[in-house]
Amino acid sequence: MPSSVPAIAIAAILALAPGTAARAADPAPLQQLRIYEIPRANEGVFHDRFRDHALRIMARHGFAVRSIWRSEHADKVEFVYLLDWPDARAMDAAWAAFLADPEWIAIKKETAARDGKYVESVAARTLEPVAWSPDRAKTAD
């Protein structure tokens, strides 16, 4: 079956972009770092809501939470967590489904009415692996 782009052209493009050939055949897994600035007054209830509700609902939508931390930066309390994703498409679809989940919407509405603001700001970073990272580097044969 003929292709609109000759195979030799595809091979040349892939040769010019280091690491692209591996991604074209098998998309590299991603990680996502999320940093929430949370009000000190609501830190406890934020943790309760995330632990008791968000994690469960996220799991239902395919989230894989690797680790969770608490941090203080510039006199602000931060809630930081790391997610594993197979690719950007899965990440985007899971976030859309989670944010539209009727149970999550109801929980957010109920807890905000009871306790006020839970999150001041959110920073999200998608982390793409590099082949030469010490945790990914392969030994030469």
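# A walk from the sheet to the salt bridges

Start with β2 and β3, which pair in the antiparallel sense over 9 bridges. Two strands count as paired when DSSP finds at least two bridges between them; strands here are DSSP runs of E with at least two residues, helices are runs of H or I with at least four, and both are numbered from the N terminus. Before you click further: this is a predicted model, where local features need pLDDT of at least 70, side-chain atom pairs count only at pLDDT 80 or more, and totals for chains, interfaces and linings use all residues. Residues are numbered from 1 along each chain as its sequence is written, and side-chain values use heavy atoms, with hydrogens and water left out.

**Stop 1: the sheet**

Select Ser67 and look across to β3: its bridge partner there is Leu82. Now show the strands together. An open sheet of 4 strands appears, in the order β2-β3-β1-β4, with antiparallel pairing. Each of the edge strands, β2 and β4 (121-127), pairs on one side only. From one strand to the next, the twist averages 15 degrees.

Next, add the helices. α3 packs on the sheet and touches β1 (30-38), β2 and β3; contact here means heavy atoms within 4.5 Å. The direction of α3 makes about 10 degrees with that of β3. For such angles, axes are lines fitted to C-alpha atoms (for helices, over the stretch in contact), and values run from 0 to 180 degrees between N-to-C directions. Then pick α4: this helix lies across β1, β3 and β4 and runs at about 125 degrees to β3.

**Stop 2: the rings**

Turn on the aromatic side chains. How many aromatic pairs does the structure hold? There are 13 of them. Rings of Phe, Tyr and Trp (its six-membered ring) pair if their centres lie within 6.5 Å; planes under 30 degrees apart are called stacked, over 60 edge-to-face, and the rest tilted.

Zoom in on Phe46 and Phe79. Their planes stand at 70 degrees with the centres 4.8 Å apart, so this is an edge-to-face pair. Phe46 belongs to helix α3 (residues 43-60) and Phe79 to strand β3 (residues 76-85), so to speak a link between distant parts of the chain, 33 residues apart. Phe46 is buried at 2% relative accessibility, and Phe79 is buried with a relative accessible area of 2%. Buried means under 20% relative accessible area, exposed over 50%, and partly exposed in between (1.4 Å probe, protein chains only).

Slide along to Phe63 and Trp85, an edge-to-face pair with 4.9 Å centre to centre and 70 degrees between the planes. Phe63 sits in the loop between α3 and β2 (64-73) and Trp85 in strand β3, which puts the partners 22 residues apart. Phe63 is buried at 8%, and Trp85 is buried at 3%.

For a wider view, select Tyr36, Phe46, Phe50, Phe79 and Tyr81: ring pairs link these residues into a cluster.

**Stop 3: charges over rings**

Select Arg34 and Trp95. Arg34 lies over the face of Trp95, 3.9 Å from the ring centre. Then try Arg49, whose charged end sits over the ring of Tyr118, 4.0 Å from its centre. The test asks for NZ of Lys or CZ of Arg within 6 Å of the ring centre and within 35 degrees of the ring normal.

**Stop 4: salt bridges**

A salt bridge is a side-chain nitrogen of Lys or Arg within 4 Å of a carboxyl oxygen of Asp or Glu, and the count comes to 13.

Pick Glu103 and Arg56, whose closest N and O atoms are 2.9 Å apart in a salt bridge. Glu103 is in helix α5 (residues 102-115) and Arg56 in helix α3, 47 residues apart. Glu103 is partly exposed at 29%, as is Arg56 at 37%.

Next come Asp101 and Arg60, a salt bridge with its closest N and O atoms 2.9 Å apart. Asp101 lies in the loop between α4 (88-100) and α5, and Arg60 in helix α3, so the pair ties together parts 41 residues apart in sequence. Buried or partly exposed: which fits Asp101? Asp101 is buried, at 7%, whereas Arg60 is partly exposed at 46%.

Finish at Arg70 and Glu72, whose side chains meet in a salt bridge (3.0 Å, N to O). Arg70 is partly exposed at 42%, and Glu72 is partly exposed at 45%. Add Arg40 and Glu43 to the selection: salt bridges that share partners join Arg40, Glu43, Arg70 and Glu72 into one network.
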